[in-house]
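Let's take a walk through this one together, starting with an odd spot in the backbone and working outwards to the helices and the cores. Keep the viewer open as you read.

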Amino acid sequence: EFKTSLAAELRSRYPLLGTSPSTSSTRQRVIAHIDLDCFFVSVCIRSRPELQGKPVAVSHSNSESRDGSSSVAACSYEARACGVKNGMFLGQARSLCPELQCVPYQFDSFKEVSRIFYDVLLRFVKWIEVVSCDEAYMDLSDAHDADSLVSLIRAQIYEQTGCRASCGVGPNILLARLATKRAKPNGQFRIDPEQALAFLAPLSVGDLHTVGWSTRGRLRDELNVRTVGELRALSAAQLCELFGPKVGSTLYGFARGIDHRRLRLKSQRKSVSVDLNYALRFSSDAQVSSFVRDLATELCSRLRALSMAASHLTLKAMMRRPGQGESRKHLGHGVVNKYHRSRQLAFPHHREDDLVRVCRSLYSELPIPPSELRGLGFTLTKLIPLEDLKRQGHTKRSRNALLPQLFAARTRTASEAEADAEADAEAE
């Protein structure tokens with residue numbers, strides 16, 4: 001959630017330029033994929049040299065107990081060598097690695113390092129795709145010496161942030177990303193076109209970008225295919241018959257090192273969301289109503305930051321599954337039943353009071369007692385820039401256009417205002 005929201009902020013902060021430069025058939029594309037090594041851990045131990053080279057995990061708990069229910073958000077390579085993985089319970093991680101040191105989150109530092117990271121990239125490269133707060137693609141086709149440029153960029157990143165970066169270079173996104181895996185940690189690696197087939201052959205099909213566990217399982221179970229070399233032996237017709245024309249043709253190309261994807265330099269935001277599925281414990285409808293209002297307010301804040309309006313709302317909720325006890329993870333959601341509701345709004349809108357009413361109305365359709373709510377989120381889609389609404393003259397009419405829906409969502413009465421005040425008092 002943090003990485004996703006920060007990446008969206010970075011896309012807004014850096015106006016990415018046009019479309020990827022066209023390369024003629026006589027000039028080979030050069031794509032680089034750069035990734036900060038163990039981003040969260042690296043940022044957190046910059047000022048703690050005694051932890052360099054030690055097994056370290058980022059977690060909200062620093063308990064020494066091996067029965068701890070907190071989870072590992074990120075871990076160093078030294079911790080991974082002991083079997084520690086992201087998302088693992090901290091107690092289990094300490095059993096695998098008794099020397100594991102825990103450090104707390106440093107969200108402000110994460111944001112600072114991400115912005116410096118992109119400032120450095122933009123100082124040297126024009127064509128960049130933001131992948132995440134610590135990861136990007138660069139088109140280096142116009143660079144005189146791509147390898148030297150990558151070395152310079154990595155050195156500048158370390159000098160200004162204290163964090164190491166690894167980078168893979170190849171003729172396309174697929175091979176550049178695979179090259180980064182070979183480069184880690186703290187290195188760079190290049191795959192030239194003539195090396196692609198030999199490099200790919202021994203890899204697992206799961207190493208190919210976009211190939212998930214389902215596709216990997218079907219290849220193994222139905223075609224006895226486990227490596228990219230074995231995948232290459234299949235015809236395009238076989239793959240398209242099993243996976244459909246889009247996925248089948250992509251797999252056929254990937255097995256041969258072919259990837260025609262271009263960098264996405266202009267990414268139009270398609271949704272705005274807010275959700276929480278940790279530490280939700282309520283005892284009354286008033287508390288839930290206050291929580292829904294707070295989520296809707298934050299949703300509106302994120303929408304306004306983008307200067308957008310929206311005309312479709314989706315709700316996702318979690319209810320503790322009947323008969324299940326509390327989660328093993330302290331204040332986690334545990335085993336749940338999931339609910340989804342959606343509503344086409346009468347008019348693209350961005351007003352906080354309207355969003356609060358609609359969110360409350362949508363939530364009221366769910367049969368979830370306050371004490372059983374374990375997760376709640378709202379997503380706005382069908383976004384339109386506010387400037388477009390103004391040009392169309394809709395903003396002046398929006399309140400009237402929304403009246404039918406607002407009545408359906410229950411207009412704000414005096415009793416509802418009193419309920420809000422009661423909810424605020426109880427929440428405090």
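**A loop with a twist in its backbone**

Start at P185, which sits in the loop between helix 7 (173–183) and strand 8 (188–190). Keep in mind that you're looking at a predicted model. The peptide bond leading from K184 to P185 is cis, with omega near -5°. Right after that comes N186, placed in that loop between helix 7 and strand 8 too. N186 is not a glycine, yet its phi is positive, near 55°. Those are worth a pause, because most residues other than glycine have a negative phi, and most peptide bonds are trans. As for its surroundings, N186 has a relative accessibility of 36%, so it counts as partly exposed.

There's another positive phi to look at, at A279, where the value is about 65° and the residue is again not a glycine. You'll find A279 in the loop between strand 9 (271–276) and helix 13 (285–305). With a relative accessible area of 37%, A279 is partly exposed.

Now zoom out. The protein chain holds 17 helices and twelve strands, and 46% of its 428 residues count as buried. If you take the contacts between residues at least 6 apart in sequence, 71% of them join residues at least 24 apart.

**Helices that cross**

Next, find helix 11 (residues 236–243) and helix 12 (residues 245–254), which pack with their axes 7 Å apart at an angle of about 140°. Roughly antiparallel would need an angle over 145°, so helix 11 counts as oblique to helix 12. The crossing is right-handed. On the helix 11 side, the residues that meet helix 12 are A236, L239, C240 and F243, and their partners are P245, V247, G248, S249, L251 and Y252.

C240 makes a handy close-up, since you're already in helix 11. Its relative accessibility is 26%, so C240 is partly exposed. Setting aside neighbours within four places in sequence, C240 touches P245, G248 and S249. From C240 to T250 is ten residues along the sequence, and their C-alpha atoms are 9.2 Å apart.

Helix 11 also has dealings with helix 9 (residues 213–223): their axes come within 12 Å and cross at roughly 115°. This crossing is right-handed as well. Helix 9 brings T215, R218, L219, E222 and L223 to the contact, while helix 11 brings L239, L242 and F243.

**Into the cores**

So where do the nonpolar side chains go? In soluble globular proteins they tend to be buried together. Here the largest nonpolar core has 39 residues, and I34, F39, L121, M138, L140, I153 and I157 have the most contacts inside it. Elements giving two or more residues to this core include strand 1 (31–36), helix 5 (107–124) and helix 6 (146–161). Helix 5 gives the most, with seven residues. Another core, of 33 residues, lies apart from that one and has M308, A317, Y363 and L380 among its members.

Y363 leads you to helix 14, where it is one of the buried residues. Ten of that helix's twelve residues are buried, so it is mostly covered. As a last check on geometry, twelve residues at 1.5 Å each should span 16 Å, and the end C-alpha atoms of helix 14 (residues 352–363) are indeed 16 Å apart.

Notes. Residues are numbered from 1 along each chain as its sequence is written. This is a predicted model: local features need pLDDT of at least 70, side-chain atom pairs count only at pLDDT 80 or more; totals for chains, interfaces and linings use all residues. Side-chain values use heavy atoms; hydrogens and water are left out. Helices (H or I, at least four residues) and strands (E, at least two) are DSSP runs, numbered from the N terminus. The expected span of a helix is 1.5 Å times one less than its number of residues. Buried means under 20% relative accessible area, exposed over 50%, partly exposed in between (1.4 Å probe, protein chains only). A nonpolar core is a set of buried Ala, Val, Leu, Ile, Met, Phe, Trp, Tyr and Cys residues joined through side-chain atoms within 4.5 Å. Axes are lines fitted to C-alpha atoms, for helices over the stretch in contact, and angles run from 0 to 180 degrees between N-to-C directions. Angles under 35 degrees count as roughly parallel, over 145 as roughly antiparallel, 65 to 115 as roughly perpendicular and the rest as oblique. A crossing is left-handed if the near helix is turned anticlockwise from the far one by less than a right angle, and right-handed if clockwise. Contact means heavy atoms within 4.5 Å.
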